[in-house]
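Biologist: Please take a close look at one part of this model and walk me through it in a connected way. I would like to begin with strand pairing and then move on to the surroundings of the ligand.

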Amino acid sequence: MLRRIFLAGAIALLLPSSSFALDKPKGDVVLRVTGNVAHHNDGKAAAFDLEMLEALKGRKASMETPWTKGQTEFQGPLLRAVLEASGAEGKLLKVKAINDYTSDVPIADARDFDTILAVRMNSKLMSVREKGPLFLIYPFDTHPELYNEKYFSRSVWQIMEVEVVN
Ligand SMILES: Nc1nc2c(c(=O)[nH]1)N[C@H]1C(S)=C(S)[C@@H](COP(=O)(O)O)O[C@H]1N2
Ligand SMILES: [Mo]
């Protein structure tokens, strides 16, 4: 059963669903998914405004993180859903932040965990000063084994681009 779910997830991530059309963002673009993406709405990139991101299947959860004080609620689309909407195909994500920080995140992290691109912290949109507009948040609440430096380094904040590579 579990294996079936994993397989379905893997196939969904790998299948380019060519019939899918990605709307043009109406608001400010907060995220560009570049590289190996099949669904373009901005040159060769899949661009998203906040509304588009919040319309995707998401997750809301409270947890402790090294960057926040006490239980903090994060909310945003599943990374998996963003990749599916982009028609992303590949093995690795180069998650790029405003401050030039880039982290290599295996695409498997999107499939294996309910990792989210958080757009809200304690219900509020995050300013750049508060590590927004997008913060990659692992499910530290349900997977305490992820609470270590390996995953902290992948927890990029102030994200503006995700490049999909092989
Ligand atoms: N935007 C951005 N995200 C980032 C980083 C960064 O420099 N910029 N550093 C990463 C690394 S290597 C780690 S270990 C943690 C560091 O968090 P800290 O600076 O609060 O210790 O955040 C990660 N996310
Ligand atoms: Mo780090």
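Modeller: In this predicted model, strand β4, covering residues 72-77, pairs with strand β8, residues 120-121, in the antiparallel sense, and two bridges join them. One residue of this pairing can be named on either side, since Gln75 has Arg120 in β8 as its bridge partner. The pair belongs to an open sheet of four strands, whose order is β3-β4-β8-β9 and whose pairing is antiparallel. Because β3 (58-63) and β9 (124-125) stand at the edges and each has a single partner strand, one side of each is left without a neighbour in the sheet. As a general point, strands of a sheet pair through backbone hydrogen bonds, in either a parallel or an antiparallel sense.

Turning to ligand 1, the residues that surround it are Trp67, Ala97, Asn99, Tyr101, Glu149, Phe152, Ser153, Ser155, Val156 and Trp157. By class, this shell divides into six nonpolar residues, three polar ones and one charged one. Several of these residues also make polar contacts with the ligand: an N or O atom in the side chain of Trp67 is 2.7 Å from an oxygen atom of ligand 1, while a polar side-chain atom of Asn99 lies 3.1 Å from a nitrogen atom of ligand 1. With Trp157 the contact involves the backbone, where a polar atom is 2.8 Å from a nitrogen atom of ligand 1. As for area, ligand 1 taken alone exposes 520 Å², of which the protein buries 66%.

How values were computed: Residues numbered from 1 in each chain as written. Chains lettered and ligands numbered in written order. Predicted model: local features only at pLDDT ≥ 70, side-chain atom pairs only at ≥ 80, totals over all residues. Heavy atoms only, no water. Pairing = 2+ DSSP bridges. Near = heavy atom within 4 Å. Polar contact = N/O pair within 3.5 Å; in protein donor to acceptor, adjacent residues only side chain to side chain. Areas by Shrake-Rupley, 256 points an atom, 1.4 Å probe, with all protein chains shown as cover. Nonpolar A, V, L, I, M, F, W, Y, C, P; charged D, E, K, R; others polar.
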